[in-house]
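Labels such as "buried" or "salt bridge" should be earned. Take the structure below and ask how each one is justified.

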Amino acid sequence: MVLVVLLFGSSVRAQNYQLHAVYIYSFIKYVQWPGENESFTIGVLGDTPLLSHLEKMAASKKAGNRPIVIVKFQSVESIKPTNILFVSNTTSEEIDSLLEKSEKNNSLLITEKEGLGMAGSAINFVERNGKLAFELNKSSIDNAGLKVSSELSRLAIII
C-alpha cells in the first residue's frame, strides 16, 4: 500500500513539473522584457525534474520567432543573464542573492517554495486546494524592469 502511495505521489509530482513547464512557456507570452536578444534563455538553478520538461519544450517551441535555450546553473555565483531564472526548492535559501542577480539582469525569478513570493520572488509556484497555482509579486516584477499583462495578473495570486 505504501509503495502504491509513493509511486502515485511521484507520478503526480512529475505531472506537476510538466505543468510547471506549460506555465513557464505561457509566461513568455505575457511578460515583456527590455531589449531583445537572438535567443530567449531560461536558466535553471539546482536539481529538478523540471529541467527535462523545459528541454523538451524548448526543442519544439519558440519565444515569438526566437529559439528557446535552456541553461543549467550549479550555484548562485555561476548564474549568467537569462530572461527567466527558475530556482528549485532545494537551492532557494539564497533568495537575497538571487533577487539581486535577477533585478540586475532583468530576469523573471521563478521559485517553488511556500513563502518565497512574499520574500521577493517574481513568480512563486504554490499548491492551493490540491492544484498548482502561482503567486505574482508585482513589486519584484517592477524591480526587475519587467512588464506583466493584465491577463497574467488575473490568473495569479497577487502578493
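The questions and answers that follow set values from this predicted model against the cut-offs behind the labels.

Q: What makes the pair K72 and D47 a salt bridge?
A: The test asks for a Lys or Arg side-chain nitrogen within 4 Å of an Asp or Glu carboxyl oxygen. The N to O distance between K72 and D47 is 3.2 Å. That is within the cut-off, so the pair counts. K72 sits in strand β4 (residues 66–73), while D47 sits in the loop between β2 (40–45) and α2 (50–60). The two are 25 residues apart, and the pair links distant parts of the chain.

Q: Why is K72 called partly exposed?
A: Its relative accessibility is 28%. Buried requires under 20% and exposed requires over 50%. K72 meets neither condition, so it falls in between.

Q: Why is D47 called exposed?
A: D47 has a relative accessible area of 60%. The threshold is over 50%, so the label holds.

Q: How do you know that R128 and E114 form a salt bridge?
A: Their side chains meet at 3.1 Å, N to O. The limit is 4 Å, so the pair qualifies. R128 belongs to strand β7 (residues 123–128). E114 lies in the loop between β6 (108–111) and α4 (116–119). They are 14 residues apart.

Q: What makes E114, R128 and E135 one network?
A: R128 also forms a salt bridge with E135, where the closest N and O atoms are 3.4 Å apart. Salt bridges that share partners join E114, R128 and E135. The structure holds 3 salt bridges in total.

Q: Which of the labels buried, partly exposed and exposed does R128 carry, and why?
A: R128 has a relative accessible area of 31%. Buried needs under 20% and exposed needs over 50%, so R128 is partly exposed.

Q: Are E114 and E135 buried or exposed, and why?
A: E114 has 54%, which is over 50%, so E114 is exposed. E135 has 7%, which is under 20%, so E135 is buried.

Q: Why is T41 called buried?
A: T41 lies in strand β2. Its relative accessibility is 14%. The cut-off is under 20%, so T41 counts as buried.

Q: What does T41 touch, leaving out residues up to four places away in sequence?
A: T41 touches V69, V71, T82, N83 and I84. A contact here means heavy atoms within 4.5 Å.

Q: Why is E127 partly exposed?
A: E127 is in strand β7. Its relative accessible area is 46%. Exposed demands over 50% and buried demands under 20%, so E127 stays in between. The C-alpha atoms of E127 and N106 are 27 Å apart, with the two positions 21 residues apart along the chain.

Q: How do you know that the radius of gyration agrees with a compact globule?
A: The rule puts a compact globule of 159 residues near 15 Å. The protein has 15 Å, so the two agree. The C-alpha trace spans about 55 × 35 × 35 Å along its principal axes.

Q: What share of the protein counts as buried, and what share of the contacts spans at least 24 residues?
A: Of the 159 residues, 47% count as buried. Among contacts between residues at least 6 apart in sequence, 58% join residues at least 24 apart. The protein has 6 helices and 10 strands.

Technical notes
Residues numbered from 1 in each chain as written. Predicted model: local features only at pLDDT ≥ 70, side-chain atom pairs only at ≥ 80, totals over all residues. Heavy atoms only, no water. Helix = DSSP H or I, 4+ residues; strand = E, 2+ residues; numbered from the N terminus. Buried < 20%, exposed > 50% of the residue type's maximum accessible area, 1.4 Å probe, protein only. Rg over C-alpha atoms; globule rule 2.2 N^0.38 Å.
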